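Trainee: I'm new to this one. Can you pull it up and walk me through it?

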Amino acid sequence: MQAWHFSETAYPYLPPADTYPSIRVSLPNRNYDPVKGAALYDRYLMEWQIADEEGLEIMLNEHHQTATCVDPAAPLMLAALARLTPRARLLILGNPVANRRQPVRVAEEMALIDVLSKGRLEAGFVRGVPYEISPANSNPVRMNERFWEALDLIVKTWQQHDGPFSHEGRFFHHRNINIWPRPYQAPHPPVWVSTTSAGGAAEVGAHGYVQATFLTGYEATRKIYDSYRAAWRKAGRGADIPINRLAYAALVYVGDNEKEAHEGAEKLLWYVTANKVAPQYANPPGYTPVAGNVAMLRGAEHPLSAFAKGASVEAAIRSGFMFAGTPDQVFHQIKRHYEHVGGYGHLLNMGQAGFLEHDAAAAGIRNFARYVYPRLKEAFPGATVSGFPCEVPGAPPEEYVLRSTTRLKSDGPLMPALGGQGVSG
Amino acid sequence: MRRTTIAIAGCELEVHEDGAGAPLLFLHAGDGFRAGDPYVAALSANRRLICPSHPGFGKSTLPDWIDNVADIAIIYLELMDKLSLTKVDLVGCSIGGWISAEMMTMAPERFGKAALVGPIGVKTGPADKLDIPDIFTLPAADVAKLGFHDPAKFAFDPSKLSDEELSIQLRNRETLALLAWEPYMHNEKLPRRLHRVASPTLFMRGASDGLLSAAYIERYAALVKGAAIATIPEAGHLPHIEAPGAFAKATLDFLAA
C-alpha cells in the first residue's frame, strides 16, 4: 500500500460561521490576510516536505473562492513541490477539466511538472464539486461529457510525438497540437480520477485509470469499488484488478496516546464541519441528475451532510470517514475498512485541517509513517489483487475505536479563533 | 388540448394544440408549458393555439447537439414548415420571448404580430452589472421575491407535486441553465439583428417584475421598429401565470387591433 499526505491548505482564521452564509464562493476575500496566508503556505509546504522525508507520497488538490482550500491553481503548488522534495510521488487530484477551457494547456502544465520532477507526477482529474461551478463560470450541464472529452484529449496530447494534430470535438477545438515538453514518463504519467458514485466509477474502471473515492465510508465505498471492478472486467482488462487501481481518502490522525490522538482527530473534523455552503452553490441545476434531485426534495440527505450535524471523532471512525487513534488502533481501523471494501492500494491521508497546528500535524504524519505505514505495507503489499471483500463484524472491536469526549457543533467554529498564533515556518 | 409528438432534427418535440382560427404560436417561459393553466383557454377561444415544449422542457427530448436558443429557433421554423404554417402570430414569454425574437430576425416574413412577455435575450447595460439578477446563484427565496408580485401564492412545495411533475420542473430548470448560463440570458448578436423584425411588436412587462427592469424592457423595445410597451399590473415576471385575465386581454386586444 502507498500512503499519501494530503492537505487542503485551509485558511481557518475566519469570523464566526453564523456571520456568513457560505464559506465557499461568496465569502469576501477581505477576510483573507495575505501575510497570514503566506505563513500558512510556508508551513503547509513544510508538512509536505516532512511527509516526503518520512517516506510518504504527496497529494494536493484544487478549489476556488474558498477558505477551506486556498490552492486555486494546484499545478503551481505542485511545481513548487517538484523542486522542494527529492523523492515523493506527486499526485494532483485533481485538475478540474470540466471547468478548464483549454485541455491542451492542462496537458502542458502536467508535462512540465512531470519533467520538472523527473517523472514523479501522478496526474489526477476531477469533475469538480458543485461549488466550483460559479468560480469557474462553468455551465453545470453536460460536465461529465466535457470531462471525458477533455481527459481523452489530454491523454492523446501526451502521447503524440510526430508533430501537430488537431481536435474538433463536441466541446473543445484545437488545431496544431504539439506540446513541448512532452511528459517525462512514458507513455504518460499515471492517470487518476476521483468519483464518489458507482456510475462514475464504472466509467473510470472501463478506462482502467486509478479510481479515488473520498470519505465514502464502508458501504458506499464497496459499491463504488464493485462498480469499478465490474467495468474493468467488462472492458476486457482481465479478471484481476491490481490493487493499485483503487484509492481511498480519509481523515487520518495518529497520536502517541489516545488523548493526543483525540485532540488531533477532533481538529481534523474541521474539514467536514466548516464546509458551510449556501444551497444554491451546493446544487446548481444540471450538476445532480434529476432523479437525485427528486430524491433530495423527498428528504434524502447526503451521508456527509447528515454526519456533519452531529460530527464526532467516534462517529467518524465508525462511519469509516476517519482513521484516528494510537498506531495500533489506526492500523486495525484501516484493516477493517480495507477488508470490507475489497482492498485498495492507496490511502490518501487528509492529515491536516483547520486549526490542527504545524507541530501536531507533523507529529501525526510522523506517527503514521513510522508506526502504521510499515505494518500496512507488510499486510497489504502492492502486488495484491483487489476484489475479495471480507465480511467484517457490523461494529468495530471496541478497543480500536477512539472515544469522543465532546460533541461538536457544525454551525460555528470548532476551536476558538487563534489569529496568527501557532503558525510556524 | 391535443398533444402530439413531432420529430425534428433528432428532437421529439411535444406539441399541444387547441382551437380553430388564425394560427397563434405560444412559446413558454422557463417554467414550461402546462395545458391546464387558465390563460390557455382564453388564447385558444378564437385562434388555433400551438404550444410546443422547447427541447429539454416538458416531455420534449433534448438532443446532445442543442445548446443555445438559436438552435431552438431554427427547430421551430421547421415546425412551422411541418405544420404548413406560412405565417403566424407569436406570443413568447421570458425565454420564449427570446426564441421569438431570434425567429423574427431569421425569417421576418413569416410572422404577423408578436407579443413578447418579459422577454430575455439582450444585454443592454454596463459590463460590470448584470441586466438580469443571477437566478442561479441567488437564494431561492430571493428569486421568488424578484419573480412574483405575490410570491406567497407561488411558494414551491414539492409535496404537492408528483414525481413526474417534479422531474419536469427540475429538468426545465436544468435546460434553462444549459441555454442561458453563458452569456447569461442573452445573445450578444441579437441587438445587431433585431432591426430585421418586421412584425408589429408589443413588449409586455409585469409591473412587479424584479428580474427585468422597466428600463431593460424600454432598451429592448427600442431595438425593434415601432414596438409598443404595455405594463400588466399586479404581476411579476410571469404575467400569464400571475394575472392570466389581464394578460389574455392585453394580448388578444393587441392581436385584434
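Trainee: Let's start with α5(A). Is α5(A) mostly covered or mostly uncovered?

Mentor: Keep in mind that this is a predicted model. α5(A) is mostly covered, with twelve of its 17 residues buried. Among them are A:F147, A:W148, A:L151 and A:W158. Some charged residues are on that list too, including A:R146 and A:E149.

Trainee: What should the 17 residues of α5(A) span, at 1.5 Å a residue?

Mentor: The expected span is 24 Å. The end C-alpha atoms of the helix, which covers residues 143-159, are 25 Å apart, so the two agree.

Trainee: Now strands. Which strand pairs with β1(A) over six bridges?

Mentor: That is β12 of chain A, residues 346-352, and the pairing is parallel. A:Q2 stands opposite A:H346 there. β1(A) itself covers residues 2-7, and five of its six residues are buried.

Trainee: And how many bridges join β1(A) to β2 of chain A?

Mentor: Three, and these strands also run parallel. A:H5 faces A:I58 in β2(A). To get from β1(A) to β2(A), the chain passes through helix α1, residues 34-53, in a right-handed β-α-β crossover.

Trainee: Switching topic. How many aromatic pairs are there over all chains?

Mentor: The search finds 23. One of them is B:F136 with B:Y184, an edge-to-face pair. The centres are 6.4 Å apart and the planes make an angle of 80°.

Trainee: Where do B:F136 and B:Y184 sit in the chain?

Mentor: In distant parts, 48 residues apart. B:F136 is in the loop between β6 and α4 of chain B, while B:Y184 is in the loop between α5 and β7 of that chain. Both B:F136 and B:Y184 are buried.

Trainee: What about B:F148 and B:F154, stacked or edge-to-face?

Mentor: Stacked, at 4.5 Å centre to centre with 5° between the planes. B:F148 has 17% relative accessibility, so it counts as buried. B:F154 is at 28%, so it is partly exposed.

Trainee: Which residues form one aromatic cluster in chain A?

Mentor: A:Y225, A:Y248, A:F323, A:Y338, A:Y344 and A:F380.

Trainee: Which residue lies over the face of A:F331?

Mentor: A:R375, at 4.1 Å from the ring centre. A:K377 likewise lies over the face of A:Y373, at 4.1 Å from that ring's centre.

Trainee: On to charges. How many salt bridges does the structure hold?

Mentor: There are 29 over all chains. Take A:R100 and A:E109, whose side chains meet at 2.9 Å, N to O. A:E109 is buried because its relative accessibility is 15%.

Trainee: What does A:E301 form a salt bridge with?

Mentor: With A:K309, the closest N and O atoms being 2.5 Å apart. A:E301 is partly exposed, at 41%. A:K309 has 57% relative accessibility, so it counts as exposed.

Trainee: Which helix holds both A:K335 and A:E339?

Mentor: α14 of chain A, residues 327-341. They lie four residues apart, about one turn of the helix. Their salt bridge has its closest N and O atoms 3.0 Å apart. As for why that spacing works, residues three or four places apart in an α-helix point the same way. A:K335 is partly exposed at 28%, and A:E339 is partly exposed at 23%.

Trainee: Which residues do salt bridges with shared partners join into one network?

Mentor: A:D52, A:E57 and A:R87.

Methods
Residues numbered from 1 in each chain as written. Chains lettered and ligands numbered in written order. Predicted model: local features only at pLDDT ≥ 70, side-chain atom pairs only at ≥ 80, totals over all residues. Heavy atoms only, no water. Phe/Tyr/Trp six-rings, centres within 6.5 Å; stacked < 30°, edge-to-face > 60°. Helix = DSSP H or I, 4+ residues; strand = E, 2+ residues; numbered from the N terminus. Buried < 20%, exposed > 50% of the residue type's maximum accessible area, 1.4 Å probe, protein only. Lys NZ or Arg CZ within 6 Å of the ring centre and 35° of its normal. Pairing = 2+ DSSP bridges. Right-handed = clockwise from strand over helix to strand, strands pointing away. Expected span 1.5 Å × (residues − 1). Salt bridge = Lys/Arg side-chain N within 4 Å of Asp/Glu carboxyl O.
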